[in-house]
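Colleague: Could you take me through the cavities of this model, with a close look at the lining of the largest one? I would also be glad of a word on how far to trust the model, and on one helix residue away from that lining.

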Amino acid sequence: MAARKKPELLIPASSIDVLKTAVTYGADAVYIGGEAFGLRAKAKNFSKEDMAEGIAFAHAHDVKVYVTANILAHNDDLDGVRAYFRELKTIGPDALIISDPGVFMIAKSELPEMELHISTQANNCNYGTFNFWHQLGAKRVVSARELSLYELKQIRAHIPDDLEIETFVHGAMCISYSGRCLLSNYMVGRDANQGACTHPCRWKYSIVEETRPGEYYPVYENERGTYIFNSKDLCMIEHIPDLAESGIDSLKVEGRMKTALYVATVARTYRKALDDYFEDPKKYEANMEWYKEEIGKCTYREFTTGFFYGKPSSDAQIYNSNTYVKNYTYLGTVESIDENGRSVFEQKNKFTVGETIERMKPDGTNVSLKVIGIFDEDGNAQESAPHPKQMLHVVFDGETEPQDILRRQEPDEKQ
């Protein structure tokens, strides 16, 4: 099957700064959460003012912004949802992402001109469900993560051409069905379906025999450890041709609680892979090692292709650890260049004078830079930058530009 069109690259953002990073590093669209009714209550999320600024910035760069309102609502939520949607009418996002039918009907009433997208939380597994939402007025449906490429092609063949399919292609996988999980609610009283998930699926578990209280036995599976729910991360960077030919309209990256480094790395890598493939499939194949190397520079939990090529086997789980692979550390994003030519940015992690770090540019290039001098906001020199969130003016042995990402390769994790 020939590729229908280049799919949209949809990138998450946890804050206004990360939104700007996503836009700069290649997103076609960005999805964000407001201060209520989204499924990442622990993320920084966007105030009304930040949302307006972010949407204006994105639109100035021809990038769309979608706002999540995808909780499974209770009665007490509905009046607040209605008031929130009235606020959004004045801000003007490009679409809302919704999972609850009651919330959907409120959106239709309050925002009749707004595009409505149906969240993966609605368990959209078949073309009948897609058509149901289309008949109610949805513009796009986010597929359940449990679908294969074969099933997605079947859905594309049985739905109207103007109904869009959005599919997760990269990021953390949930061990529950399409994200509907009760572990967090039962164990710590925080409802994942109301946006307060504490990720107990990543915790370490043991078993206790009823007559032997206090004697804990580790839960082993294939003698490889105890993290029985800990899924690998989804990554489809090596399978862009299959995604392009499946009829998917939007390739979605998970991660509304991730750093700017993660967002920049994933957005830039998928942007280049998509552009290369649609320019010439041979160019995509020739650059495969670059994509694989770059995507491995963000924090991740090993990689899997999820359900795309059939149901995952035990190989899709990580049994011996719940930690991330972390090859690079995020140091900051250049905000401006001061009158002395120094790079100004908020420090995210410690670094010192004399270190060599990497400048990551939106165009795909990486440049090594040596730290020559570090100065605080009052102009005082310092040998290191040990305190996160300190505003720094840094001299490098080369130039930087605003929106450059600064990162350091970790010596114990060299590739």
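Modeller: Happily! The count comes to two cavities of 30 Å³ or more in this predicted model. The largest cavity has a volume of about 80 Å³. Its lining includes a run of names you can pick out in the sequence, Ser143, Ala144 and Arg145, along with Leu147 and Leu152. Thr167, Phe168, Met173 and Leu234 also line the largest cavity, as do Gly306, Phe307 and Phe308. By residue class, that lining divides into eight nonpolar, three polar and one charged.

As for trust, the protein chain has an average pLDDT of 86, and 82% of the residues score at least 70. Please take care with residues 222-226, where pLDDT stays under 50; for this stretch the model has 15 contacts beyond four places in sequence.

Now to the helix residue. Ala107 belongs to helix α4, which spans residues 101-110. Why does Ala107 count as buried? Ala107 counts as buried because its relative accessibility is 0%, and the cut-off for buried is under 20%. Leaving aside residues up to four places away in sequence, Ala107 touches Phe85, Leu96 and Ile98, and also Pro112 and Leu116. If you would like a distance to check on screen, try Val81: this residue and Ala107 are 26 residues apart along the chain, and their C-alpha atoms are separated by 8.6 Å.

Definitions and conventions:
Residues numbered from 1 in each chain as written. Predicted model: local features only at pLDDT ≥ 70, side-chain atom pairs only at ≥ 80, totals over all residues. Heavy atoms only, no water. 1 Å grid on protein atoms, 1.4 Å probe; cavity = no way out; pocket = protein on both sides within 12 Å on 5 of 7 lines; lining within 4 Å. Points joined across faces, edges and corners; volume = space filled by probe spheres on them. Nonpolar A, V, L, I, M, F, W, Y, C, P; charged D, E, K, R; others polar. pLDDT = per-residue confidence, 0-100. Contact = heavy atoms within 4.5 Å. Helix = DSSP H or I, 4+ residues; strand = E, 2+ residues; numbered from the N terminus. Buried < 20%, exposed > 50% of the residue type's maximum accessible area, 1.4 Å probe, protein only.
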